Structure formats: structure tokens, C-alpha cells
Amino acid sequence: MVSEIQDQIDSFSVRDLLRSLPIFSGLDEPALAALEQKLEWFSLPGGAPLFDIGDRSDAMYVLKNGSLGVFGHDAKDLLQRIAVIAAGETVGEVGLIADQPRHVSVRALRDSELLRLARVDVEDLLARYPQAMWSSVRVAMQRVLAHRTHTPSAPRTFALLPHDAGVDARAFAEELRIALCSFGTCAVVDAAQARHQLSEWFGALESRVQYVIYLADASSDEWRALCVRQADCLLLLANAASAASAWPEGACEDAEQALHRPRHLILLHLESLLFGAAQRWLDVAPNAQHHHVRHRADTARVARLLAGRGIGLVLSGGGARGFAHIGVIKALREAGITIDRVGGTSIGAIIGAGIAADWSTDEMIAVYKRAFVDGKPLRDYTFPWIAMVTGRRSAHLLREAFGRRDIADLVLPYFCVSANLTSGKIDVRRHGPLWLWLRASSAIPGILPPVLHHGEVFVDGAVINNLPVDVMRAQGVGEVIAVDIGADDILHAKVEEYASPSWWRLFIERKLHQRPHIFSILLRSGMVNAEVASIERRALTSLLLTPPLHNIELLNWRAYKQAIQAGYDYTVRVLEDQNREHGAEAPLFDGTAKDDKRDILPMAMASRLKKL
């Protein structure tokens, strides 16, 4: 691939770059030529600031190659990366045009080259080409009016850093290249190909190819360092079964050392997944996103996630109605839709864990029937000092279902949500004992006792966030399918009263379902406060599924077959309706990945999907 584009590299033109930018789309050739003469080229090494909060807006910039991080202050007044500027994008134009101080800080995430256009030159171009330049002003100000900030960009250049000489990095690089070619051209560059090349060669290569994989080797420290300097993203490659130790590059140690570039830990397994390996390696690469690779289909999933073209699945809480999630995933799988990330709350987290473990539909039905229908997890009643039941039974059933598996051992990237009553904030878990954090995520206040861990109190995540689409979006996944089974959790009463009657009358009328059961009241109470926020989160989905489950009581586990069928029938109908609506030329799921024959949700379809 590199040799094929060598001739194109020689013809690289700044004019072509300017012509491709939306902000300069209204400029004709004379205006573009004048603009090109005004631009000042300079380089910015990784970690160096371009400007800081409060600086005067005296110029705008075009990023020729490299990547920039946009930083703002968090609640603790610490700098936090909020966006990424990719090659071929502009930065600083809004502050320049509005004549306001910089409201964010921008730093180079890797060695970068920029073109600077000073304020005086912008004013000169406005005077000489008012019609054309005003179109540029409109583009810039539309971002402000639409409340847009810099849109995070998926990385385009990757440093593939094998841990040691025993890792077959070249084979993985080739598999990754093939998978990335589903979304654009991709080249693998090794030390031999890049020998004696100047920075202009790398910049031109990256401008002509959608993705570049810089393949490091275990023997050349100089080439490995160059790979790191050229990369938007660091891929830490290791054999899962090997002893874990730190990578030689300091940039691999933590986010600060990596200049806030994403780090992905990729663990190669022989056949079956090796439990415990992920946490061993995460100890030497903390907070890196990790991926398990057993075969080519797993590599294809890594490629989709790296390219921002994956599909995330978010499952809400809703008691016994959670079995509908199994019907939904059955329909999605039959439609050829492969899920790349999973997250959920309460029963949604529990069902989602089975999906992330790569269980078949039949396996999930068998495991969850044994746990919830046959196991009767809420039958260990106790004096209601803390809760109605002891929680031992549900903990035992979760341990029986998932064993000693850590969250990090799940095949798919996964998170579960609980509510931290100590801090009053959402708690998102991506590692730790799976059974424990599923127990916390489903600790319905008043029914199940909270999980007490390291001095903090954790309960059902539905108290704060019953549909964590926002958490999934923050992962940079391309599209999000969300299943909300809590949308119609309505309790009804068939009597008029303000106080409970005598015990014998209550017993009789309870048999006639005159009043909601205390468990249903507590479950519904734990979810109702999160509903307003859930409405906002539904708007963040690419496809929202809300199976009709109003006739299934929240704790009627015996209706599991009915719930599964309802979720399946509803999802099949929605997918068929969407495909009919958009026609054969633009189906809801348009196959683009060649290697695993998988259908993905095309990016262009997101704005056209109904929220059903």
C-alpha cells in the first residue's frame, strides 16, 4: 500500500487541503491562492501547548497533520480532555471572529504540523474577498449557534507496540489492516519502509491514507519512539498467557504520559479466553481500554471500535421484564447485527453480562431461568431493618451464574452502572468481580440490601441512571442501540384509600390484586426519579427499542417466556418497518465489513432513525 501511493505523496498540495475544509468552501481559486500565501507553517511537538484558556485570540489554525487535544476545567478545576482535533480540521476560528479570549486550552497530542492565519491576514482577506470570506464566517458562527464544540474524531494513526519479541505483531497488523479497509484505505508502515524518510513524507502519507498503522518491533528503540510520536492512538499488543510487565515506552504508563491519547490494550489468546489475564495486564497499563482477540472476528471488532464505527448496546433496568432483552438480542443477531460494546443497569446489566460473555441465546435463557425463575432470588426474607430480604440468595445465584469471572474477562467491552449513595453519583464499573457489581447494580432500595464496599454504599443504578446511553456515548462508539423496558412501568390500584386496612382484609384483597405489592412499590420508587433524565438519554440513541411489556408485572419472573417473545416480536417488527421505510437502496443495516459478513448501522442513517 505504501509503495502504491508514493507518487501521490509527491503531489501533495496545501491548496487541496484548504479546498477540502468546510470553513473555506466558499472561496474561489483566487481567494484560495491568496489565503495560501498568508499561511505560516510551523511544527508543534507532542505535549506542547498551542494556546491556553484566557489567551488572546490572535490567529486561527489549520492542522496539516498530527492531532490536537482540546482541554477544559473539570469540577476540581483540573484540565480534562474534552475533544480531539484531527488532521484536516481547523481550530481557533470562533474566538478569532468573535474577538473573545480563548475559552479552552489546546495542546499537541503528538508531533504535529500546523498552518497559522493571523488576525491581520484574516482582516485583509475579508477586505479583498468579502463575499467569499463571509461564507467562512457563517460556517464558524453556525457552530456557536448550534452549541457545537469540537467534535471528537476517531484516531487515524496507530502505533502498534508489541510487548516483546514473542508477540506476532506483523500478523495482527495485517489482520487489522484488512479490517480497517472496510472503512477506508489503510497502510502498514514498518521500520524498513520508513527508513531515511523526512517528516513531510509521513505527513503526506497520512493525508492520502485514511488509516496508518506504524508497526514497531521489539528490537529498535529508535523506531518504536518514532511510532509513538506519529500516533493518534497507542495499541499495546501482548500475548495474554505471558507474564505481565511494563512496556518500555513511558507513554504507555498512564494517560498523562501518553499526552491524553487513547491507549488500547490488545490481548492475544490462543483459542479460548484466559480468565485473569486482563487484570494482570491492566495492572501494568492502568486505565487502558482492553480487548480480547481470539480470532479474526475479534480483530474486526477492534477495528470497528478504533474507527468509531462500532455498535453499542445499552439495556435498562425493569425487573422481570428484563427477559425481553434476550428476545431483542435474538432478533438483532438474526438480522446480522453484531454488538461491539455492552452496558446496562440492574437487570439490564445482568442480561448484558451474558451478551458480553458471548453466550448464545439458548445459554442465556437457561442461565437466567435457573437464576431468576427457579432460583427465586427474593425469597430469603428477613426482618426489614435494612431491606426486605437478606441478599444472600441473589448473591449466591449471581456467583453460580458467572463464577469468579472479572468484568475485564468478558469478551466484549462492558460496563455496569450502580448508584453510589455515599457520593450521590453514578458508579460505572469496567473491572472487578462481576457477580459483586451486578449485585450492586440490582440492589433495589428497600428490597435488597445495598452493597457496602470500601466504606461506600452502592444500590441499584436505576436510582440515578436507568438508561446509561450517555456512558456508552462517552466511549466513542459509532452507534447506540438502547432497549428501555422501564418506559411503561406504571402501577395501578383498584381501591380508594389513604391508610392500610386490617390484616385479614388486606390479605383477602391482596389475593384479588387490589393493591400493588410492596416489592413492586419499592422497585418502581427506585426507578421513577431517573425517568426525566432517561427521556434525554433516549434522544442520544441511534435506535431506541421499547417493547410493549405493560401486561408483565415487574417481579413476575414466571412470565419470562412471554417477555422474551414480546421483545423478539417487537424488534423483528421494528427492523422490518425501518427497512421498508428507507427502501432497498438505504436499508437500516447496510453491510460493509467484508471479513465477518456483518451488517453495521451506517453513520449517515443515524439522523434518519425513529425513536420508537
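His454 lies in the loop between β19 (451-453) and β20 (456-460). Its phi is positive, about 50°, although His454 is not a glycine. The model is a predicted one. The points below cover backbone angles, salt bridges, the surroundings of Asp484 and the enclosed space.

**Backbone angles**

- Most residues other than glycine have a negative phi.
- His454 departs from that pattern with its phi of about 50°, and at 72% relative accessibility His454 counts as exposed, because the cut-off for exposed is over 50%.
- Lys376 also has a positive phi, near 45°, in a residue other than glycine.
- The position of Lys376 is in the loop between α15 and α16.
- With a relative accessible area of 36%, Lys376 is partly exposed.

**Salt bridges**

- The structure has 24 salt bridges.
- One of them joins the side chains of Glu206 and Arg110, at 3.1 Å from N to O.
- Glu206 belongs to helix α9 (residues 199-208) and Arg110 to the loop between β7 (105-108) and β8 (112-118), so this pair ties together parts that are 96 residues apart in sequence.
- Both Glu206 and Arg110 are buried.
- Arg110 also meets Asp232 in a salt bridge between side chains, at 3.2 Å from N to O.
- This pair links distant parts of the chain, 122 residues apart: Arg110 sits in the loop between β7 and β8, and Asp232 in the loop between α10 (221-230) and β12 (233-239).
- Asp232 is buried, as is Arg110.
- A further salt bridge brings together the side chains of Asp190 and Arg170, at 3.2 Å from N to O.
- Here the partners are 20 residues apart, with Asp190 in the loop between β10 (186-189) and α8 (191-194) and Arg170 in helix α7 (residues 169-180).
- Asp190 counts as buried because its relative accessibility of 14% falls under the 20% cut-off.
- Arg15, Arg19, Glu29 and Glu36 are joined into one network by salt bridges that share partners.

**Surroundings of Asp484**

- Asp484 is in the loop between β21 (479-483) and α19 (503-511).
- Its relative accessible area is 3%, so Asp484 is buried.
- The side chain of Asp484 makes a polar contact with the side chain of Arg538, at 2.7 Å.
- Arg538 is also one of the residues in contact with Asp484 when neighbours within four places in sequence are left aside.
- The others are Ser316, Leu467, Leu544, Leu545, Thr546 and Pro547.

**Enclosed space**

- Rolling a probe the size of a water molecule over the atoms shows where empty space is left.
- The structure has three cavities of 30 Å³ or more.
- The largest cavity holds about 210 Å³ of space.
- This largest cavity is lined by 17 residues, and the closest to its centre are Ile350, Phe372, Ser442, Leu448 and Trp557.
- Three helices, α14 (347-356), α15 (361-374) and α16 (392-402), each supply at least two residues of the lining.
- The largest share, three residues, comes from α16.
- Of the lining residues, 13 are nonpolar, four are polar and none is charged.

Definitions and conventions:
Residues numbered from 1 in each chain as written. Predicted model: local features only at pLDDT ≥ 70, side-chain atom pairs only at ≥ 80, totals over all residues. Heavy atoms only, no water. Helix = DSSP H or I, 4+ residues; strand = E, 2+ residues; numbered from the N terminus. Buried < 20%, exposed > 50% of the residue type's maximum accessible area, 1.4 Å probe, protein only. Polar contact = N/O pair within 3.5 Å; in protein donor to acceptor, adjacent residues only side chain to side chain. Contact = heavy atoms within 4.5 Å. 1 Å grid on protein atoms, 1.4 Å probe; cavity = no way out; pocket = protein on both sides within 12 Å on 5 of 7 lines; lining within 4 Å. Points joined across faces, edges and corners; volume = space filled by probe spheres on them. Nonpolar A, V, L, I, M, F, W, Y, C, P; charged D, E, K, R; others polar. Salt bridge = Lys/Arg side-chain N within 4 Å of Asp/Glu carboxyl O.
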